[in-house]
Amino acid sequence: MAKLTIDDLKKIKEKVHKEMSLRDGDRRVKVTVHMGTCGIASGAKEVMDSLLQEIEAAGANDVFVTTSGCMGLCSREPLVTVEIINQEPIKYEYMNPNKMRQVFKRHILQGEIQTPFVLAKGSEVIK
Amino acid sequence: MLELAAHILDIAENSVRAGASLVEINIVEDEKENLFSIEIIDNGCGMTQEEIKKVFDPFYTTKKVRRVGLGVPLLSDAAQRAGGNLELHSVKGKGTTLKVTFELNHIDRQPLGDITGTFIILIAGNCDTDFLYRHRHNDRIFKLDTRDIRKEIEDIPLNHPEILKYIRQLMEDG
């Protein structure tokens with residue numbers, strides 16, 4: 001394959017602009033992968049890799065991904081928080097790439113919370 | 001952590017949490033000098049001299065949610081095991097520079113690992129921060145600056161799947 005150039009970036013820009021004009025580009029879901037030292041050491045990077053692959057494969061441009069630091073439950077890492085707009089955040093524990101794929105397909109795309117992997121509902125409060 | 005890319009991800013995430021708007025990652029692989037070095041420079045909130053001394057202590061952290069801070073001690077240990085060391089310079093309010101060196105051919109040096117994936121995760125998870133990646137392998141240099149990409153794509157966010165795909169391919173071709 002030929003090396004990418006800045007012109008390729010321009011083509012991508014045009015393509016994305018066309019897609020954006022067809023529908024509103026609002027963020028429907030925010031997914032936070034906790035990336036503290038504990039998270040990374042227990043596999044958060046692989047979890048995030050699989051999430052990004054799924055988003056790309058599904059063309060799910062309304063899913064916003066972010067990373068955050070440790071929230072203090074290091075023994076339950078990798079942790080992932082899924083926040084669908086107007087719903088309470090769901091925290092998943094002991095995640096791995098396969099669980100992440102399942103959560104993406106069932107919860108993020110179809111709205112079914114994957115109860116067996118859930119740690120808690122709601123946001124953490126730091127005292 | 002079994003690969004250096006994971007350490008880089010960890011330290012660069014610290015830079016983002018320190019409020020950096022630009023994080024520079026410089027990697028050097030020099031066979032002639034038998035040197036492998038990683039430098040991470042940020043313009044975040046920086047640290048006081050007191051804090052710098054404590055950073056190497058695994059029982060020191062700025063976080064309130066737990067009582068250990070292992071990121072820097074783990075990387076420092078990985079460097080010492082491979083004939084290198086870790087240096088940290090920081091100015092409060094200006095930013096922090098971390099430089100870690102290894103003997104390139106040391107049997108205990110961890111492999112670099114998936115640096116492309118690490119860079120993609122940093123961009124995807126922190127789309128308001130800019131990243132500059134420079135990788136020198138002997139005489140060959142690869143450079144990627146998200147500010148250049150941002151200028152081209154204008155209003156499209158840096159973490160759009162199509163843009164991430166472009167960056168991944170650019171790095172793999174690198």
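Here is a walk through a predicted model, going from one chain to the place where two chains touch and then to the core.

Let's start with chain B. Its secondary structure adds up to 6 helices and 6 strands. If you follow the chain from the N terminus, the elements come in the order α-β-β-α-α-β-β-α-β-β-α-α. How compact is chain B? Its radius of gyration is 16 Å, close to the 16 Å that the globule rule gives for 174 residues, so chain B is as compact as a globular protein of that length. Measure it out along the principal axes instead, and the C-alpha atoms fill a box of roughly 40 × 40 × 25 Å.

What goes on inside that box? Of the 174 residues in chain B, 40% count as buried. Take the contacts in chain B with a separation of 6 or more, and 61% of them come from residues 24 or more positions apart.

Now bring in chain A. Where the two chains meet, 31 residues of chain A are in contact with 35 residues of chain B. On the chain A side, α1 (6–22), α2 (37–41), α3 (44–58) and β2 (63–68) each supply at least two of the touching residues. The largest share comes from α1(A), with 8 residues. Sort that side of chain A by residue type and you get 17 nonpolar, 6 polar and 8 charged.

Next, the core. In soluble globular proteins, nonpolar side chains tend to be buried together. Here the largest nonpolar core holds 71 residues, and the ones touching the most other members are A:Val31, A:Leu51, A:Val80, B:Ile8, B:Leu9, B:Ala12 and B:Ile123. Within chain B, helix α1 (residues 4–17) gives the most to this core, with 8 residues.

B:Leu9 is a handy one to click on. Which residues does B:Leu9 contact, leaving aside its neighbours within four places in sequence? From chain A there are A:Met35, A:Ile40 and A:Lys45, and from chain B there are B:Thr118, B:Ile121 and B:Leu122.

For a last stop, try A:Val47, which sits in helix α3 of chain A. Is A:Val47 buried or exposed? It is buried, because 28 other C-beta atoms lie within 10 Å, and 20 or more is enough to count as buried. Beyond its neighbours within four places in sequence, A:Val47 is in contact with A:Val33, A:Pro78, A:Val80, A:Met95, A:Asn96, A:Pro97 and A:Met100. A:Lys10 makes a useful second marker: A:Val47 and A:Lys10 are 37 residues apart along the chain, and their C-alpha atoms are separated by 31 Å.

Technical notes
Residues numbered from 1 in each chain as written. Chains lettered and ligands numbered in written order. Predicted model: local features only at pLDDT ≥ 70, side-chain atom pairs only at ≥ 80, totals over all residues. Contact = placed C-beta atoms within 7 Å. Helix = DSSP H or I, 4+ residues; strand = E, 2+ residues; numbered from the N terminus. Nonpolar A, V, L, I, M, F, W, Y, C, P; charged D, E, K, R; others polar. Rg over C-alpha atoms; globule rule 2.2 N^0.38 Å. Buried ≥ 20, exposed ≤ 12 C-beta atoms within 10 Å, placed from the backbone. Core = buried A, V, L, I, M, F, W, Y, C linked by C-beta atoms within 7 Å.
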